Structures are given as C-alpha cells and as structure tokens.
Amino acid sequence: MPLSEHEQRLLDQMERALYAEDPKFASALEGTGLRTYTRRRVYLAVGGFVIGIGLLMGGMVVPDQIWVSVVGFLVMLGCAVFAVTGWRRGPSGQTQGAGPATAAPRRKAGMMDRVEQRWQRRRDEQTGGF
C-alpha cells in the first residue's frame, strides 16, 4: 500500500532530520539494511539449491552412485533451511520479533526513541492532542 502525500512528506522530513542530526549513522544505514542482508542470504541459498538439484540428478544418472543423490538432497534441504532462517534472523544473528521469548533487553533512550517522541509530539499537535 503506497504512502499518502502527507505521510511521504513526513517520511522525507524525518530522513532529512536524521541526516542533519547524525550523517555518519544515516550513511551507514543507507546501504546495509536487513533487506540487503536477507537478499544476499536468499541468493546464496537459491544457488546452493540449484547445485543440490544438479547433484540429485547426477546421482540418478550415474549407475551405483546413489550417495551423490543423497548428498544433493541434503544440500537442497540445508539451503532451504538457510533461506528460511534468513527471514527470521537479522544481520547480528538476533531473532527479530516482538514476542516475550524474543524480546531484547531494555536499552537507554537513543536517537530512534527521540525521533519517535518528536513524531508523536508533531502528530499530537496536528490532531489537537487526541
């Protein structure tokens, strides 16, 4: 669902504020996000899966070499698991989620907390405090 014009303007304003407040941090976040990490992980898994299919088929073609097919299947299975766990884990290896079992320990108020507070204040000012 695309953002409305108002939401897009607010997002652009928040991005400019982030660059103004901490340009080093903003530029570090620009190219290395969770999407990049996940995309790379999925590409590697797909490549390994294709290799596993090749091994599986190769073991079927060569007589008395069934172990090659078994290895191919295991490679395919491992790559599938690798791709799926890439969606559940972040670059630091910590599980992403908001459940009680995966909740991260409390941290000091940082830049994102300040941005959220500013966002809430602006929204409250625009709506009259509702």
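**An enclosed cavity, a salt-bridge network and a nonpolar patch**

The largest cavity encloses about 80 Å³ of space, in a model that is predicted. A search of the whole structure returns one cavity of 30 Å³ or more. Its lining is made up of Gln13, Met14, Ala17, Val115, Arg118, Trp119 and Arg122, and the elements that contribute two or more residues to this lining are helix 1 and helix 5. Helix 5 gives the most to the lining of the largest cavity, with four residues. When the lining residues are sorted by class, four are nonpolar, one is polar and two are charged. Rolling a probe the size of a water molecule over the atoms shows where empty space is left.

Helix 1 and helix 5 are also connected through charged side chains. The structure holds two salt bridges. In one of them, the side chains of Glu21 and Arg114 meet, with an N to O distance of 2.8 Å; this pair links distant parts of the chain, since Glu21 belongs to helix 1 (residues 5-21) and Arg114 to helix 5 (residues 111-127), 93 residues apart. Glu21 forms a salt bridge with Arg118 as well, and here the closest N and O atoms are 3.0 Å apart. Because Glu21 lies in helix 1 and Arg118 in helix 5, this second pair ties together parts that are 97 residues apart in sequence. Glu21, Arg114 and Arg118 are thus linked in a network of salt bridges, and Arg118 is also one of the residues that line the largest cavity. Side chains of opposite charge can pair when their charged atoms come close.

The members of this network can be described further by their accessibility. Glu21 has a relative accessible area of 33% and is therefore partly exposed, while Arg114, with a relative accessible area of 37%, is partly exposed. Arg118, at 31% relative accessibility, likewise counts as partly exposed. The class of partly exposed residues runs between the limit for buried residues, under 20%, and that for exposed residues, over 50%.

A further feature concerns the surface, where Phe49, Ile53, Met57, Met60, Val61 and Val62 make a nonpolar patch of about 580 Å². Among the residues of this patch, Phe49 lies in helix 3, which spans residues 34-61. Phe49 counts as partly exposed because its relative accessibility is 32%.

Methods. Residues are numbered from 1 along each chain as its sequence is written. This is a predicted model: local features need pLDDT of at least 70, side-chain atom pairs count only at pLDDT 80 or more; totals for chains, interfaces and linings use all residues. Side-chain values use heavy atoms; hydrogens and water are left out. Patches are made of residues with over 30% relative accessible area and no salt bridge: like charges are joined within 9 Å, nonpolar side chains (Val, Leu, Ile, Met, Phe, Trp, Tyr) within 5 Å. Accessible areas come from the Shrake-Rupley method with a 1.4 Å probe; for residues, only the protein chains shown count as cover. A salt bridge is a side-chain nitrogen of Lys or Arg within 4 Å of a carboxyl oxygen of Asp or Glu. Buried means under 20% relative accessible area, exposed over 50%, partly exposed in between (1.4 Å probe, protein chains only). On a 1 Å grid over the protein atoms alone, a cavity is a set of points where a 1.4 Å probe fits but cannot get out, and a pocket is an open set with protein on both sides within 12 Å along at least five of seven lines; lining residues have an atom within 4 Å of a point. Grid points are joined across faces, edges and corners, and a volume is the space filled by probe spheres set on the points. Ala, Val, Leu, Ile, Met, Phe, Trp, Tyr, Cys and Pro count as nonpolar, Asp, Glu, Lys and Arg as charged, and the others, Gly among them, as polar.
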